[in-house]
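Here are some short exercises on reading a fold from its strands and helices. Try each task before you look at the worked solution.

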Amino acid sequence: MIVRRLKPEDAEASAKINAVAFEASYDISKSIEGFTGENWWGAFEDDELCSQMVCIPYQIHFDGHWTGMGGIGGVGTPPVHRRKGGVRAIYRELFPAMREAGQVFSYLYPFSHDFYRKFGYEVSYRSNITKIPFASLAHF
């Protein structure tokens, strides 16, 4: 399996994977309009895009400092290519590239925590609700 960043000519294949992976209808012409492939990674078998994901660069505040974070999204593999290691192959290339880019953290909102644990992810947040009486905010 070959892993590389996506190119503009991969736009249609990427849009089709998104349509299948996220069970959405896509207007292919609108999906490929302006697609540069920037930040998108793909696993290819015999020149066919089998798996893909995007890694969007962000900055987060951690331990009093701003640091790089790669936001993972758009992870998709059509059913015919599942269980062939496409996502794993992308991560093998992507994690070192993220580290080189100063992205020492990576966040995603998974469909399955168990699936992403295989790649080193873990739940690292929880929702907190704070109730403050309006009267306490009067001086603002």
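**Exercise 1.** Find which residue in S3 is the bridge partner of Trp41, then describe how S2 and S3 are joined.

*Solution.* Step one: the partner of Trp41 is Met53 in S3. Step two: S2 and S3 run antiparallel and share 6 bridges; strands count as paired if DSSP finds at least two bridges between them. Step three: the two strands make a hairpin with 2 residues between them, and Asp46 in the turn has a positive phi of about 50°. Strands here are DSSP runs of E with at least two residues, helices are runs of H or I with at least four, and both are numbered from the N terminus.

A word on the model: it is predicted, so local features need pLDDT of at least 70 and side-chain atom pairs count only at pLDDT 80 or more, while totals for chains, interfaces and linings use all residues. Residues are numbered from 1 along each chain as its sequence is written, and side-chain values use heavy atoms, with hydrogens and water left out.

**Exercise 2.** Work out how many bridges join S3 to S4, and locate the turn of their hairpin.

*Solution.* Start with the strands: S3 (residues 48–62) and S4 (residues 65–76) run antiparallel, joined by 10 bridges. Next, look at opposite residues: Phe62 faces His65 in S4, and Gln52 faces Gly76 in S4. Finally, the hairpin of S3 and S4 has 2 residues between the strands, with Asp63 in the turn at a positive phi of about 55°.

**Exercise 3.** Assemble the sheet and state the order of its strands.

*Solution.* First, 5 strands make an open sheet of mixed pairing, in the order S1-S2-S3-S4-S5. Second, strand S1 (2–5) and strand S5 (103–107) are the edges, each pairing on one side only. Third, neighbouring strands are turned by 30° against each other on average, direction ignored; the axes are lines fitted to C-alpha atoms, for helices over the stretch in contact, and angles run from 0 to 180 degrees between N-to-C directions.

**Exercise 4.** Place helices H1 and H3 against the sheet.

*Solution.* Begin with H1 (residues 11–21), which lies across strand S2 (40–45), S3 and S4, at about 80° to S3. Then take H3 (residues 86–100): this helix lies across S1, S2, S3, S4 and S5, at about 35° to S3. To finish, read along the sequence, where the pattern is β-α-α-β-β-β-α-β-α, with 4 helices and 5 strands.

Technical notes. Contact = heavy atoms within 4.5 Å.
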